Amino acid sequence: MVDSWSYNQIVFDKDEVYSVGFNDGREFNRIKYVGTKLLNGKSMLCFKTEELLDLSVNPSYVSFYIKQANTDKKE
């Protein structure tokens, strides 16, 4: 087994919020990762937007992702 980090091995934490950029230059901010699903035998990343819209992405199209700081905590 090869120990490498390819787009097939991206690890997202379920129910965490991310900003995700794509190879075509689009960017989605503050989207919640809800899991993966298979589409035609390929694993797809599944997100929900703040407007509760579904977003499914082929991991090979992701150019970057940033985990957002938890700003919901009250101090």
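Here is a walk through this structure, from the overall layout down to a few individual residues.

Keep in mind that this is a predicted model. The chain is built from five strands and zero helices, so to speak a plain β-β-β-β-β when you read along the sequence. Of its 75 residues, 27% count as buried. The accessible surface of the chain comes to about 6000 Å², with 49% of that belonging to carbon and sulfur atoms. If you take contacts between residues at least 6 apart in sequence, 37% of them join residues at least 24 apart.

Let's go inside. The largest nonpolar core has eleven residues: Phe12, Tyr18, Val20, Phe22, Ile31, Tyr33, Leu45, Phe47, Leu55, Val57 and Val62. Strands E1 (17-22), E2, E3 and E4 each put in at least two residues, and the largest share, three residues, comes from E1. Val20, one of the core residues, gives a feel for the packing. Leaving out residues up to four places away in sequence, Val20 touches Arg26, Glu27, Phe28, Ile31, Phe47, Val62, Phe64 and Tyr65.

Now for the rings. Searching the whole structure turns up seven aromatic pairs. Take Tyr33 and Phe47: their ring centres sit 5.6 Å apart with the planes at 65°, and since an angle over 60 degrees counts as edge-to-face, that is the label this pair gets. Tyr33 belongs to strand E2 (residues 27-39) and Phe47 to strand E3 (residues 42-48), so the pair ties together parts that are 14 residues apart in sequence. Tyr33 and Phe47 are both buried. Ring pairs also link Phe12, Tyr18, Tyr33, Phe47 and Tyr65 into a cluster.

Phe47 also leads us to the next strand, because its bridge partner in E4 is Leu55. E3 and E4 pair in the antiparallel sense, over four bridges. The hairpin they form has five residues between the strands, and Leu52 there takes a positive phi near 65°.

What do the side chains do along E4? In a regular strand, side chains alternate between the two faces of the sheet. E4 shows this: Leu55 and Val57 point to one face and are buried, while Asp54 and Ser56 point to the other and are not. Leu55 and Val57 are also both among the residues of the largest nonpolar core.

Two loop residues, one on either side of E4, are worth a look. Leu53 is in the loop between E3 and strand E4 (54-57). Is Leu53 buried or exposed? Its relative accessibility is 53%, and the cut-off for exposed is over 50%, so Leu53 counts as exposed. Setting aside its neighbours within four places in sequence, Leu53 is in contact with Phe47 and Lys48. Its C-alpha atom is separated by 9.6 Å from that of Ile31, which lies 22 residues away along the chain.

Asn58 is found in the other loop, between E4 and strand E5 (62-67). Here the relative accessibility is 13%, and since anything under 20% is called buried, Asn58 counts as buried. Not counting residues up to four places away in sequence, Asn58 touches Lys42 and Met44.

Key
Residues are numbered from 1 along each chain as its sequence is written. This is a predicted model: local features need pLDDT of at least 70, side-chain atom pairs count only at pLDDT 80 or more; totals for chains, interfaces and linings use all residues. Side-chain values use heavy atoms; hydrogens and water are left out. Rings of Phe, Tyr and Trp (its six-membered ring) pair if their centres lie within 6.5 Å; planes under 30 degrees apart count as stacked, over 60 as edge-to-face and the rest as tilted. Buried means under 20% relative accessible area, exposed over 50%, partly exposed in between (1.4 Å probe, protein chains only). Contact means heavy atoms within 4.5 Å. Two strands pair if DSSP finds at least two bridges between them. Accessible areas come from the Shrake-Rupley method with a 1.4 Å probe; for residues, only the protein chains shown count as cover. A nonpolar core is a set of buried Ala, Val, Leu, Ile, Met, Phe, Trp, Tyr and Cys residues joined through side-chain atoms within 4.5 Å.
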